[in-house]
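Hi,

Here is the structure I promised to pass on. Have a look at it first, and then read my notes below.

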Amino acid sequence: MKNIGFLLLGLVTLLTSCQPEPMRKVIPFDLYSQYEGPVKTVIHKVAQSKTDTPKPIIIENYDSLGRLVSRVFPAGGKMEVTYDTMDNAQSKSYVGEDTIINNFKFGYDSLMRVNTVISHNDSVGLTVYEYDYDLNGYINYSKTAGEKGGIEIKYNRDKYGYVLSSEMNDAIKNEYYYRGRKLVRQIVYDIESGKRISVMTYREKLNDYGDVIEKWTWDNKTLVGIEYFEYTYY
């Protein structure tokens with residue numbers, strides 16, 4: 001089961017002439033990541049242009065069950081995650097002399113899928129995450145509620161599990177377009193006005209597992225940055 005943190009907002013696909021392989025199901029509660037076993041280590045590097053030397057910004061380590069156990073930030077800071085026998089998680093974040101402790105309690109449905117997560121730390125307070133699944137076992141609804149507000153997301157997927165579109169708080173709609181298994185474009189709309197907010201274009205390179213190992217991002221025609229991912233596997 002995949003671990004703790006923030007919602008994964010975007011894994012979505014429009015099929016073209018090449019029928020993709022089924023996507024690996026994304027376990028909902030996850031800190032930034034979208035990876036599942038057999039991944040052991042992921043190194044995330046970024047560059048602002050093709051002439052820049054990529055710099056590592058996050059190093060993630062996973063156990064053999066696909067659970068995040070640590071995240072190291074080369075610029076400074078570290079997070080460690082431990083689990084009890086019920087697979088509930090506690091994370092400790094270290095930044096300088098500051099330590100933040102986050103506690104997470106997981107709830108499951110009759111198929112042993114995570115459907116609720118309750119998290120707490122002293123700075124953010126209590127946050128509750130809820131998830132619902134479609135008949136194929138993919139998330140089609142998620143809700144985050146905390147002391148400072150909440151986010152509700154609805155996902156529209158095809159039969160292979162690729163997300164075609166998502167709506168956040170009935171206000172923002174994202175549409176995703178793919179070539180085969182590769183994300184090529186994301187268009188964001190204001191639902192009430194129908195006005196297009198932004199168009200993000202992507203160029204992705206995948207490995208044999210379907211993990212993204214290189215991603216170029218443009219905002220309209222402006223190159224935003226280049227991301228590189230290095231993996232080791234069990």
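**What I found**

A quick word on confidence before the details. This is a predicted model, with a mean pLDDT of 82 over the chain, and 84% of the residues reach 70 or more. The stretch to be wary of is residues 1-33, where the pLDDT is below 50. That stretch does have 124 contacts in the model beyond near neighbours in sequence, but please don't lean on them. Where pLDDT is low, the predicted coordinates should not be read in detail.

**Strands 8, 9 and 10**

Try following the chain from strand 8 onwards. Strand 8 covers residues 125-133 and runs antiparallel to strand 9, residues 139-146, with seven bridges joining the two. If you want a landmark, Y129 sits opposite T144 of strand 9. Strands 8 and 9 make a hairpin that has five residues between them, and G137 in that turn has a positive phi of about 90°.

Strand 9 is then joined to strand 10 by another hairpin, through two residues. Strand 10 spans residues 149-157 and pairs with strand 9 in the antiparallel sense, over six bridges. Here K143 has E152 of strand 10 as its bridge partner.

**The cores**

Which residues touch the most other members of the largest nonpolar core? They are V42, A89, F106, V114, V117 and Y131, out of 23 residues in that core. Several strands give two or more residues to it, among them strand 1 (39-47), strand 6 (98-108), strand 7 (114-121) and strand 16 (222-233). Strands 8 and 10 from the section above are on that list too. There is also a second, separate core of five residues, including Y176, Y178, L183 and M200.

**Charged pairs**

The count of salt bridges comes to 10. Here are the ones I'd click on:

- K45 and E230 meet through their side chains at 2.9 Å, N to O. K45 is in strand 1 and E230 in strand 16, so this pair ties together parts that are 185 residues apart in sequence. E230 is partly exposed, with a relative accessible area of 39%.
- E204 pairs with K215, and their closest N and O atoms are 3.9 Å apart. E204 belongs to strand 14 (residues 196-206) and K215 to strand 15 (residues 212-219), 11 residues apart. Both E204 and K215 are buried.
- D63, R67 and D87 are joined into one network by salt bridges that share partners.
- E175 forms a salt bridge with K173, with 3.6 Å between the closest N and O atoms. Buried or partly exposed, then, for E175 and K173? E175 counts as buried because its relative accessibility is 17%, under the 20% cut-off. K173 comes out at 24%, so it counts as partly exposed.

**Aromatic rings**

The model has four aromatic pairs. One of them is Y231 with Y233, which is stacked: 6.0 Å centre to centre, with 20° between the planes. Y231 counts as buried at 13% relative accessibility, while Y233 is partly exposed at 25%. Add Y209 to Y231 and Y233 and you have one aromatic cluster.

That's the tour. Shout if anything is unclear.

Cheers

Methods: Residues numbered from 1 in each chain as written. Predicted model: local features only at pLDDT ≥ 70, side-chain atom pairs only at ≥ 80, totals over all residues. Heavy atoms only, no water. Pairing = 2+ DSSP bridges. Helix = DSSP H or I, 4+ residues; strand = E, 2+ residues; numbered from the N terminus. Core = buried A, V, L, I, M, F, W, Y, C linked by side-chain atoms within 4.5 Å. Buried < 20%, exposed > 50% of the residue type's maximum accessible area, 1.4 Å probe, protein only. pLDDT = per-residue confidence, 0-100. Contact = heavy atoms within 4.5 Å. Salt bridge = Lys/Arg side-chain N within 4 Å of Asp/Glu carboxyl O. Phe/Tyr/Trp six-rings, centres within 6.5 Å; stacked < 30°, edge-to-face > 60°.
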